[in-house]
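Student: Could you take me through one part of this structure closely, namely the surroundings of the ligand? I would like a connected account that I can follow with the model open in front of me.

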Amino acid sequence: MGDNKRIALVSVHGDPAVEIGKEEAGGQNVYVRQVGEALGRQGWQVDMFTRKASASDAEIVEHSPNCRTIRLVAGPEEFVPRQEIYGYLPEFVEQLQKFQQQQQYYYPLVHTNYWLSAKVGMELKKHQSIQQIHTYHSLGAVKYNSVKVVPTIATTRLNVEKTCLETAERIVATSPQEREHMRSLVSSKGNIDVIPCGTDIDRFGHVSRRDARRQLDIDPAALVVLYVGRFDERKGIETLVRAVGQSMLRGLANIQLAIAGGSRPGQSDGIERDRIEGIVDELGMRDFTRFPGRLGDDDLHLYYAAANVCVVPSHYEPFGLVAIEAMASGTPVVASDVGGLQYTVVSEKTGLLCPPQDDEAFAKAIDRILSQPHWQLQLGKAARKRVEQKFSWQGVAAQLSELYEELLVEEPAKQLVSVSA
Ligand code: UDP
């Protein structure tokens with residue numbers, strides 16, 4: 001295969017080979033891994049570059065014949081929170097160049113993920129001829145609007161995000177809402193395509209609620225409300241807990257709440273989990289709330305199938321993979337009326353949208369779905385159909401593949417230029 005079917009996916013802080021659901025590992029890791037593997041199946045030679053975050057991690061992980069993760073040493077070989085990684089980027093760029101020199105091939109296309117990797121792409125461009133494609137995953141301009149304390153790295157991040165939007169050959173927005181934010185909050189310049197995130201439609205939606213509950217030891221008659229995701233205050237888990245508390249007070253019997261996601265004692269996610277458990281106790285909900293921890297290949301699909309409703313109460317969400325995973329499982333979603341969730345969840349058709357942080361609105365929406373089993377079923381069926389039509393990884397990767405091919409045709413000469421250190 002010639003070099004022109006080679007592509008590098010760069011994800012400095014989101015290791016695509018790591019277990020999902022812990023150590024800040026969430027949607028970005030899933031996106032890069034799934035896109036990488038799907039592109040591999042479609043004939044691309046895919047190398048995914050990430051920062052080596054543990055001395056015991058392998059330097060190269062082969063996922064399939066055409067797709068591998070390559071871990072570059074940049075900074076300490078230990079977990080570093082994303083807001084502290086910037087200073088290690090020059091080393092990362094150097095290592096990525098070195099890797100190419102050793103392999104004696106160069107990537108004509110570099111698809112970067114999150115602003116830290118955007119910077120890597122922009123730096124690489126100074127030394128070699130690449131076409132950069134970028135997915136933001138989260139926009140500083142949106143995020144800093146919703147936090148109380150703006151970190152010191154903010155100015156740097158906002159600058160990188162603006163320059164990247166204006167100079168990358170193509171930007172991939174994962175929803176029309178994200179594209180609007182780029183235009184209104186970042187810059188009117190730059191080429192943006194909308195290509196959504198996806199989900200594995202074979203992994204979800206193939207087990208019945210009854211079987212899933214038997215395997216998870218959940219009462220077949222219970223009304224199960226599910227949260228899946230990281231423990232982070234911005235995920236709005238508190239809103240969900242208070243909403244379910246209200247539903248109980250209003251008399252909905254036999255509710256069970258499952259709050260799933262990994263956490264590390266003493267770290268930011270562990271602290272948030274403790275805070276949430278405190279609220280659960282304060283509201284007297286301990287007896288019917290379970291915290292199953294991080295869900296993986298064995299049980300994630302079972303929880304989605306077992307649930308009557310899945311709730312995504314984020315303060316903001318650029319895309320929100322959990323929503324489409326639940327939908328692929330035939331489970332209706334109650335979500336915040338923000339960002340990508342406005343694109344994936346069709347209110348009244350596949351679930352309901354509520355104003356973020358509004359306990360009362362979430363309680364009413366959850367009640368409506370739980371108290372109408374027939375409608376619940378209809379919503380779930382429509383949800384599954386929507387995912388099959390719009391959000392399968394194969395479909396998403398096919399759209400990306402088309403975009404890459406277009407770029408290669410536009411500027412084939414660029415591929416011939418070699419690397420200068
Ligand atoms: N996830 C998981 N196990 C867990 C919790 C989360 O596999 O216990 C996965 C979840 O299925 C989804 C991803 O982590 O694929 C979270 O992505 P999302 O876009 O919803 O949120 P992010 O973490 O990017 O903010």
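Tutor: What follows is a description of the ligand's surroundings and then of the sheet beside one of the contributing helices. Please keep in mind that this is a predicted model. The shell around the ligand consists of 18 residues, and the closest are Gly27, Arg230, Lys235, Leu295 and Glu325. By class, eight of the shell residues are nonpolar, five are polar and five are charged. Some of the closest residues also make polar contacts: a ligand oxygen atom is 2.7 Å from a polar backbone atom of glycine 27, an oxygen atom of the ligand is 2.7 Å from a side-chain N or O atom of lysine 235, and for glutamate 325 the distance from a ligand oxygen atom to an N or O atom of the side chain is 2.6 Å. The ligand taken alone would expose 540 Å², of which the protein buries 90%. Two or more shell residues come from each of H1, helix H10 (300-306) and helix H11 (321-328), and H11 gives the most, with three residues.

Helix H1, which spans residues 27-41, leads from the ligand to the sheet, since this helix lies across strands E1, E2, E3, E4, E5, E6 and E7 and runs at about 160° to E2. The sheet is open, with eight strands in the order E3-E4-E2-E1-E5-E6-E7-E8 and mixed pairing. Its edge strands are E3 (60-64) and E8 (192-194), each of which pairs on one side only. At the E3 end, E3 and E4 (residues 67-72) pair in the antiparallel sense over four bridges, and serine 64 has cysteine 67 in E4 as its bridge partner.

Methods. Residues numbered from 1 in each chain as written. Predicted model: local features only at pLDDT ≥ 70, side-chain atom pairs only at ≥ 80, totals over all residues. Heavy atoms only, no water. Pairing = 2+ DSSP bridges. Contact = heavy atoms within 4.5 Å. Axes fitted to C-alpha atoms, helices over the stretch in contact; angles between N-to-C directions. Near = heavy atom within 4 Å. Polar contact = N/O pair within 3.5 Å; in protein donor to acceptor, adjacent residues only side chain to side chain. Areas by Shrake-Rupley, 256 points an atom, 1.4 Å probe, with all protein chains shown as cover. Nonpolar A, V, L, I, M, F, W, Y, C, P; charged D, E, K, R; others polar.
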